[in-house]
Amino acid sequence: MSDPGFERFECAPGLRLQAHERVSDIQHKNLISRLDRVEEMMERLERRLWLTVYGIVAMILGQGLTSILAAVP
């Protein structure tokens, strides 16, 4: 389809579309990286929460065990 008598040129709407695609791609990559960071922070928070829950359960069981041992002669 390329004729030797015609030169290819880029028109303004085509350039604007390419620029928009590049900006969209950059924004998408930025959004993905932000989501990854949020997921990492949520995983750390979940680990801390479970550690707190296990600590509280261990403390309650320990107090129950000490009260049982104190009641047994």
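Q: Helices (H or I, at least four residues) and strands (E, at least two) are taken here as DSSP runs numbered from the N terminus; how many of each are there in the protein?

A: This is a predicted model in which local features need pLDDT of at least 70 and side-chain atom pairs count only at pLDDT 80 or more, while totals for chains, interfaces and linings use all residues. Residues are numbered from 1 along each chain as its sequence is written, and side-chain values use heavy atoms, leaving out hydrogens and water. As for the elements, the protein has one helix and zero strands.

Q: What percentage of the 73 residues count as buried?

A: Buried means under 20% relative accessible area, exposed means over 50%, and partly exposed lies in between (1.4 Å probe, protein chains only). By that rule, the share of the 73 residues that count as buried is 0%.

Q: Where is glutamate 10 found, and which residues does it touch?

A: Glutamate 10 sits in the segment before H1. This glutamate is exposed, because its relative accessible area is 58%. Contact means heavy atoms within 4.5 Å. Leaving aside residues up to four places away in sequence, glutamate 10 touches Leu15 and Gln18.

Q: Which side chains meet in a salt bridge?

A: A salt bridge needs a side-chain nitrogen of Lys or Arg within 4 Å of a carboxyl oxygen of Asp or Glu, and a search of the whole structure finds one. The partners are four residues apart in helix H1 (residues 12-71), so about one helical turn separates them. With an N to O distance of 3.4 Å, the pair is aspartate 25 and lysine 29.

Q: Is lysine 29 buried or exposed?

A: Its partner aspartate 25 counts as partly exposed, because its relative accessibility is 37%. Lysine 29 has 54% relative accessibility, so lysine 29 counts as exposed.

Q: Which residues make the nonpolar surface patch of about 620 Å²?

A: Patch members have over 30% relative accessible area and no salt bridge; like charges are joined within 9 Å, and nonpolar side chains (Val, Leu, Ile, Met, Phe, Trp, Tyr) within 5 Å. Areas come from the Shrake-Rupley method with a 1.4 Å probe, and for residues only the protein chains shown count as cover. Valine 57, found in helix H1, counts as partly exposed because its relative accessibility is 42%. The patch is made by Leu49, Trp50, Val53, Tyr54, Val57 and Leu61.
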